[in-house]
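I opened this notebook to look up a few places in the fold, beginning with a loop and ending with the overall dimensions.

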Amino acid sequence: MSEEKQRLQENRDRKAYWTRWGPYVSERQWGTVREDYSPDGSAWDYFPHSQSLARAYRWGEDGIAGICDNHQRLCFALGFWNEADPILKERLFGLTGSQGNHGEDVKEYYFYLDNTPTHSYMKYLYKYPQGEYPYADLVEENQRRGFNEPEYELLDTGIFEGDRYFDIFIEYAKATDEDILVRITAHNRGDQEQPLHILPTLWFRNTWSWFKEAVKPTLKVSAQKEGYSVVKASHNSLGSRWLYCLMPDALLFTENETNFARLFNQDNPSLYTKDGINNAVVQGDKNTTNPEQVGTKFSPHYRLSIPPGESRRVELRLCNSESLSNPFGDEFNRIFERRQREADEFYDSLTAANLSTDQRNVQRQAFAGMLWNKQFYYYIIEDWLQGDPDSPAPPESRKNGRNSEWIHLFNDDIISMPDKWEYPWYAAWDLAFHLVPLAIVDPDYAKLQLSRLTREWYMHPNGQIPAYEWAFSDVNPPVEAWAAWQVYQLEQQYWGKQDKDFLERIFQKLLLNFTWWVNREDATGKNIFEGGFLGLDNIGVFDRSSELPTGGNLEQADATSWMGMYCLGMLQIALELAVDRPPYEDTASKFFEHFLYIADAMNRVGDASLWDEEDGFYYDAINFPDGGRRTLKVRSLVGLIPLLGVTVLKPETIDQLPGFKKRLEWFIHNRLDLKKNVACMVTEGMGAKRLLALCYATPRNDGKPNKLQRLLTYMLDESEFLSPHGIRSVSKYHLEHPFVMHVKGQEYRVDYEPAESTTGMFGGNSNWRGPIWFPINYLLLEALGNFYEYLGDEFKVEFPTGSGNYQTLDQIVVKLSKRMMAIFLEDASGQRPVFEGIDKFQNDPHWKDYIYFHEYFHGDNGTGLGASHQTGWTGVVARMIQLCTESHET
């Protein structure tokens, strides 16, 4: 067992609390729903970046490469100043939803380079320009550009020309679970000596301004030694911690409280405010920091001047001891070396030996991004709706506004975020995909995430799982049963043990959620589901979160398929539990039966079917108020998602459950009407296995292609869905043949858009109309693997379609995986498709090996698009790399 795995064992056995401290500080707290007390719910405008310097947050904190304890009482992060910027660089800047021409967007360059599950070693890189940061230029130019133009990025401003920037590496190493070493190394990449002020900052989250009875914590100098200073942090529930600072030039103290005079022209209740250190350093105002050296926010000030090509280092140590005899020196460096070596050993134990250096680098950074994107998330809806005792009451409209029906929601946890800047709030279906790479490195944390999502202070009393902060009542695809099964299996590989108690607890909660879906999203009771938004944003002809402009209701092929997949996930779990918990045989039978009804509804012959026999594809359909019906013939992922409804039943599973076997056989012999459209439970596949699938997979009697073959013909066609880097979200067919529909004089259309969206639907900040998205691609790969497990080597299809090259489904899985992995890997010319056309990232040795795991990717060339750090679900590439190398297909 590696040293890191031993720490995880100690953590799970409660012998040491290795995960009390971690990278749990958000990278953006301003502009979030939690901080919004406006009458109209305009979070971006109510709390903009310009106020974040001087305004205390209510619900969380943000910072650069920040860490905090598990309840975010005490925080630590980095601040910088280059003597050119108008303010300290204490947090990452980006555009709000209305400022960006494609929605909100961070405008900084930073990278998650390494992290371990216990955060025993962490490494982060921030690229800080030496010239004045172009805040106004970025806002003005992006506002000028339209949907049809690319985003204006920080590199486009010229701020990095001549390599006039600092590479600042921030590293953490834990000597013990309560002893954290900090090392900041700044490299001057330019050709002139430049000043750099480094301000490591320790502060308390403000909990005292909202409640009179709250005890205010304190930071104060406790010792001044030869060569270093010590500051004591005292908190009534956290206890005491000490920050050791090696040779600072000054110690600056202020309060983490709002500067009302600066922002609102009101009297300040405190003489010292949140922006006090900024004002002292940038403006030279000595009256804005406390000369008594006490406060709730503190920075040791390091004034550096770094020659070209050289570096300087700052060292600190945060721990629970006030009397370290030698906090720095040789032992300090040895701890860093040891933790780095242990991190290498841990990841080497999880990966195949045949990984290339480049594959290993990409996978390591994917894992790092997953672990850096943990965040303390605090949101109590009842308090947010009613307001705090010592604060002005929220507007009356809030009581019936956003999230008002979620008054039970009480979140105070460390949760995996999609992206701590653009999406610094959890999202239900994103989180399900996060759990796959997370379970590879830390299955306990993955299980905890899923358990929290289904706890009574998260899940609505009616059974709905909260979608995401902007609208908890929106509907995300129900992938939690799939995620639970993934985590359960990965934990067996990791610890060699089954945790059926976890599986049963999740299953019981998901029963409530499944019932909510059946009761709320099946308007006609015919097993055809609506669902609405489903996380796919603008993939449809209309905004599926709103009422249809046509009136009536939308029958969704994807919603119905997700429910089929949900049934199979619950069936799989119930069968596993039934082995030693016999009552689950009855429950398994229930989900088997329900799946048959959904499959029948999806595939029934006639005008009401979602399957178009002529085209050989699944489509959504509108039921109009006058009784009419229209199929929306858009070739999109909506029509491929039925592939996901597939599972294989092994004979040994069926044979050891006689009750389930008996009911299964009854359906086979007595419900021919339900059996006919389901991939055959009678015909045995490879190894006498049986198949349940929405897409009929056994050969037709007339010799024509079955539904699986017809769908794969589209999916694997390079002129349709198959791109050099994965499966597109909309067929390229719509480039020349857009789908157009006119309603009440308004045109609605779907075009193939391989890059950013040119429609304002959902604010223009998401695009499911052509780009490649990793989550659906990952599920499609798994579905093909399930079909292969049943059909075996005898079943082959053309790959690509029309090539004459017939491949088995497992061969196609590997080839598709390699296409997706290739987005991040160097090609024969040393270029990475993710950075298409960006010379700095392609050719500069100080940029080219740092990877961004974007939200989605260009449908034709693989360029990264959307949020740049959404390692959240794009992090499943780490699992793809693992599976491909294990199959010896590197």
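**Two loop residues.** I began with Lys 744, which lies in the loop between strand E29 (739–743) and strand E30 (746–750); helices (H or I, at least four residues) and strands (E, at least two) are DSSP runs, numbered from the N terminus. This is a predicted model, in which local features need pLDDT of at least 70 and side-chain atom pairs count only at pLDDT 80 or more, while totals for chains, interfaces and linings use all residues. Residues are numbered from 1 along each chain as its sequence is written, and side-chain values use heavy atoms, with hydrogens and water left out.

Lys 744 has a positive phi of about 55° although it is not a glycine, and at 78% relative accessibility it counts as exposed. I used three classes: buried is under 20% relative accessible area, exposed is over 50%, and partly exposed is in between (1.4 Å probe, protein chains only). I then looked up Gln 72, in the loop between strand E2 (64–69) and E3, which is likewise not a glycine and has a positive phi of about 45°. Is Gln 72 buried or exposed? Gln 72 is buried, with a relative accessible area of 1%.

**A cis peptide.** I noted that the bond from Phe 799 to Pro 800 is cis, with omega near -10°, and that Pro 800 sits in the loop between strand E31 (796–798) and strand E32 (806–808).

**An open sheet.** I traced six strands forming an open sheet with antiparallel pairing, in the order E1-E2-E3-E10-E16-E14; two strands pair if DSSP finds at least two bridges between them. Its edges are strand E1 (21–22) and strand E14 (250–254), each of which pairs on one side only. Strand E3 (residues 74–81) is joined to strand E10 (residues 194–204) by eight bridges, and Phe 80 stands opposite Ile 198 in E10. Five bridges join E14 to strand E16 (residues 297–306), with Leu 251 opposite Pro 300 in E16. Four of the five residues of E14 are buried, so this strand is largely enclosed by the rest of the structure.

**The cores.** I next looked up the largest nonpolar core, meaning a set of buried Ala, Val, Leu, Ile, Met, Phe, Trp, Tyr and Cys residues joined through side-chain atoms within 4.5 Å. It holds 212 residues, and those touching the most other members include Trp 562, Met 715 and Phe 787. Helix H14 (residues 557–578) supplies the largest share of this core, 15 residues. A second, separate core of 58 residues includes Phe 47, Tyr 128, Trp 208 and Ala 368.

**A serine in H14.** Ser 561 is found in helix H14 and is buried, with a relative accessible area of 1%. A polar atom of its side chain lies 2.6 Å from the backbone oxygen of Ala 557. Leaving aside neighbours within four places in sequence, I found Ser 561 in contact (heavy atoms within 4.5 Å) with Met 602, Ile 641, Pro 642 and Leu 694.

**Overall dimensions.** I counted 26 helices and 34 strands in the protein, and 64% of its 890 residues count as buried. Its radius of gyration is 28 Å, which agrees with the value near 29 Å for a compact globule of 890 residues; the radius is taken over C-alpha atoms, and the globule rule is 2.2 Å times the number of residues to the power 0.38. The C-alpha atoms fill a box of roughly 90 × 65 × 60 Å along the principal axes.

Note on methods. Polar contact = N/O pair within 3.5 Å; in protein donor to acceptor, adjacent residues only side chain to side chain.
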